[in-house]
Amino acid sequence: MEVVIRETTRPPENDKVRIDVTFLNMGDQPVFLHKPSTPFGRNDDALPGDQFVVTDATGRRMPYVGSGPGYWGPTRLSHFVKIMPGQSAHKEVDLSASYMLDRKGDYRVRFVARLSQQPDPDPDVSTPEEREAFVPVAQRDVTSNELLLHVSAERSDQETVMDRRTQSASDAL
């Protein structure tokens with residue numbers, strides 16, 4: 001599994017710092033991504049948890065200020081996104097909804113996720129068919145390329161402007 005982050009192709013909005021997160025299955029077996037551990041854990045463009053490492057120009061880590069995924073209950077097969085070999089899945093997210101990007105300047109961003117989550121083995125939670133359909137992967141975690149974002153305006157009351165000069169520190173994808 002590989003994950004690549006990049007700026008979105010959508011024009012910037014005054015209050016959002018959007019990036020695209022793409023998961024690529026480069027292996028020969030399906031990969032199951034735990035939704036609450038990835039951007040797929042919410043229906044909007046906010047993040048379900050502190051999944052990114054966001055630092056300012058001095059290297060200080062920006063705090064996660066999002067609301068989280070809520071309670072999902074015991075882990076079921078339906079809590080995963082299945083990506084077949086050679087396929088990909090992506091989600092556009094608004095970093096400014098989940099991280100403190102209140103000062104203009106440069107920020108470095110990386111995505112980090114664990115891949116070790118599995119459905120609950122309790123027979124009252126998941127059926128034998130669900131557990132059999134789940135293919136655990138040997139890869140325990142995944143880290144994306146680093147993206148350099150330039151925020152061009154101070155933010156007040158959650159308002160941010162992302163400069164179109166956003167660039168990737170890696171030419172992935």
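Buried here means under 20% relative accessible area; at 7%, D20 therefore counts as buried. The legends below describe close-up views of a predicted model.

**Figure 1. Salt bridge between R6 and D20.** The side chains of R6 and D20 meet at 3.8 Å, N to O. R6 belongs to strand β1 and D20 to strand β2, so this salt bridge ties together parts that are 14 residues apart in sequence. The two partners differ in burial: R6 is partly exposed, with a relative accessible area of 35%, whereas D20 is buried at 7%. Side chains of opposite charge can pair when their charged atoms come close. The count of salt bridges in the model comes to 8.

**Figure 2. Salt-bridge network of K16, R18, D45 and E92.** Salt bridges link these four residues in a network. Within this network, the side chain of D45 meets that of K16 at 3.7 Å, N to O. K16 sits in the loop between β1 and β2, and D45 in the loop between β3 and β4, so the pair ties together parts that are 29 residues apart in sequence. Both K16 and D45 are buried. D45 also meets the side chain of R18 in a salt bridge, at 2.5 Å, N to O. Here the loop between β3 and β4, which holds D45, is joined to strand β2, which holds R18, so parts 27 residues apart in sequence are tied together. The relative accessible area of D45 is 18%, which places D45 among buried residues. R18 is buried as well, with a value of 7%.

**Figure 3. Surroundings of H34 in strand β3.** Strand β3 covers residues 31-34, and H34 is found in this strand. The residue is buried, with a relative accessible area of 11%. Leaving aside residues up to four places away in sequence, H34 touches T75, H79, F80 and Q117. The side chain of H34 also makes a polar contact with the side chain of S37, at 2.9 Å. From C-alpha to C-alpha, H34 and S116 are 8.7 Å apart in space, while 82 residues separate them in sequence.

**Figure 4. The largest nonpolar core.** This core has 30 residues, of which I19, F23, L33, F52, L95 and V109 touch the most other members. Elements that give two or more residues to the core include β1 (2-7), β2 (18-24), β3, β4 (52-56) and β5 (80-83), together with β6 (88-94), β7 (105-114) and β9 (147-151). Strand β7 gives the most, with 4 residues. In soluble globular proteins, nonpolar side chains tend to be buried together.

**Figure 5. Contacts of F23.** Residues up to four places away in sequence are not counted in this view. Among the residues that F23 touches are M1, E2 and V3, as well as T38, P39 and F40. Contacts of F23 also include L33, I83, Q87, S88, A89 and F111. F23 and L33 are both among the core residues that touch the most other members.

**Figure 6. Confidence of the model and residues 157-173.** The mean pLDDT of the protein is 84, and 84% of its residues reach 70 or more. Over residues 157-173, the pLDDT is below 50. In the model, this stretch has 54 contacts beyond near neighbours in sequence. Where pLDDT is low, the predicted coordinates should not be read in detail.

Conventions:
Residues are numbered from 1 along each chain as its sequence is written. This is a predicted model: local features need pLDDT of at least 70, side-chain atom pairs count only at pLDDT 80 or more; totals for chains, interfaces and linings use all residues. Side-chain values use heavy atoms; hydrogens and water are left out. Buried means under 20% relative accessible area, exposed over 50%, partly exposed in between (1.4 Å probe, protein chains only). Contact means heavy atoms within 4.5 Å. A polar contact is a pair of N or O atoms within 3.5 Å; within protein, one must be able to donate a hydrogen and the other to accept it, and residues adjacent in sequence count only if both atoms are side-chain atoms. pLDDT is the predictor's confidence in each residue, from 0 to 100. A nonpolar core is a set of buried Ala, Val, Leu, Ile, Met, Phe, Trp, Tyr and Cys residues joined through side-chain atoms within 4.5 Å.
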